[in-house]
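Here's a quick tour of a protein model, written for someone who'd rather be at the bench. Have a look at the fold below, and then we'll walk through it.

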Amino acid sequence: MLMLSLSTSGPIASAAVIKDGQVLSREVGSQGRTHSETIMPLCEKALQTAGYTPADMDAFGVDAGPGSFTGVRIGICAANAMAAAFGKPVAVASSLEGLLYGIDNACALLDCRNGNGYAMVKYEGFSPEPMAVVIDDLLSTLPDGILMAGDGAVMHRQRILNALPNARFAEGNDIIADRIGLAAYDKLVRGETVIEALPLYLRPSQAERLAKERNK
């Protein structure tokens with residue numbers, strides 16, 4: 001089976017073509033340009049490199065977040081539009097699933113400012129679901145020696161080591177379409193697809209929080 005995968009929840013947009021669980025091509029954008037400018041050219045280039053067209057795809061994979069509110073919407077809209085145009089399903093993976101694809105005994109951590117984050121833990125005794133966390137509270141529950149991944153692991157490395165002296169750190173900490181695609185492809189194989197993907201928002205947006213404060 002063939003799938004075009006998109007990721008726009010992080011600072012860099014990317015696209016990848018997956019065939020039968022293998023990555024055929026991957027294109028990664030550059031910082032300084034908006035995802036709305038880059039994601040479709042990246043998709044086109046990834047397809048050309050792999051030798052396929054959108055019509056050849058059996059499904060479209062997409063990163064539903066958590067991450068940038070605007071970025072997540074861009075990728076979701078692009079994947080949904082292509083799926084609708086070609087009558088194909090969408091396979092959805094979270095950014096945290098992508099970071100931990102193929103990794104066990106690990107925690108993916110994304111920073112969202114002011115000591116808060118998004119996390120997913122793959123470790124015995126933990127539920128592997130994306131969640132909004134207070135970083136210090138999360139660290140107090142994690143086993144020492146766990147592998148940490150994601151931009152939160154990079155940004156809060158010393159904080160993590162203060163709480164978990166034997167913590168290990170992953171080398172790949174970017175949210176990239178090939179790992180999103182592999183996670184989404186597994187769901188496609190299991191029949192876990194949707195007609196229309198929805199963003200995964202674990203916290204209200206800044207605009208929503210400010211509006212709530214004004215209306216108190």
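Two strands count as paired if DSSP finds at least two bridges between them. Helices (H or I, at least four residues) and strands (E, at least two) are themselves DSSP runs, numbered from the N terminus. Before going further, note that this is a predicted model, where local features need pLDDT of at least 70, side-chain atom pairs count only at pLDDT 80 or more, and totals for chains, interfaces and linings use all residues. Residues are numbered from 1 along each chain as its sequence is written, and side-chain values use heavy atoms, with hydrogens and water left out.

**The strands around S7**

S7 covers residues 116-122 and pairs with two other strands:

| Strand pair | Sense | Bridges | One bridge pair |
|---|---|---|---|
| S6 (residues 106-111) and S7 | antiparallel | six bridges | Ala-106 and Lys-122 |
| S7 and S8 (residues 131-134) | antiparallel | four bridges | Ala-119 and Met-131 |

S6 and S7 make a hairpin, with four residues in between. In that turn sits Arg-113, whose phi is positive at about 75°. Is S7 mostly covered or mostly open? Mostly covered: five of its seven residues are buried, where buried means under 20% relative accessible area, exposed over 50% and partly exposed in between (1.4 Å probe, protein chains only).

**A buried asparagine**

Now over to helix H2 (residues 69-86), which is where Asn-80 is found. Its relative accessibility is 13%, so Asn-80 counts as buried. What does Asn-80 touch, apart from neighbours within four places in sequence? Its contacts (heavy atoms within 4.5 Å) are Val-90, Ile-195, Glu-196 and Ala-197.

**The whole protein**

Zooming out, there are eight helices and ten strands. The radius of gyration is 17 Å, close to the 17 Å that the globule rule gives for 216 residues, so the protein is as compact as a globular protein of that length. That radius is taken over C-alpha atoms, and the rule is 2.2 Å times the number of residues to the power 0.38. Along the principal axes, the C-alpha atoms fill a box of roughly 50 × 45 × 35 Å.

Buried residues make up 46% of the 216. Of the contacts with a separation of 6 or more, 60% come from residues 24 or more positions apart. The accessible surface (Shrake-Rupley method, 1.4 Å probe) is about 10500 Å², and carbon and sulfur atoms own 50% of it.
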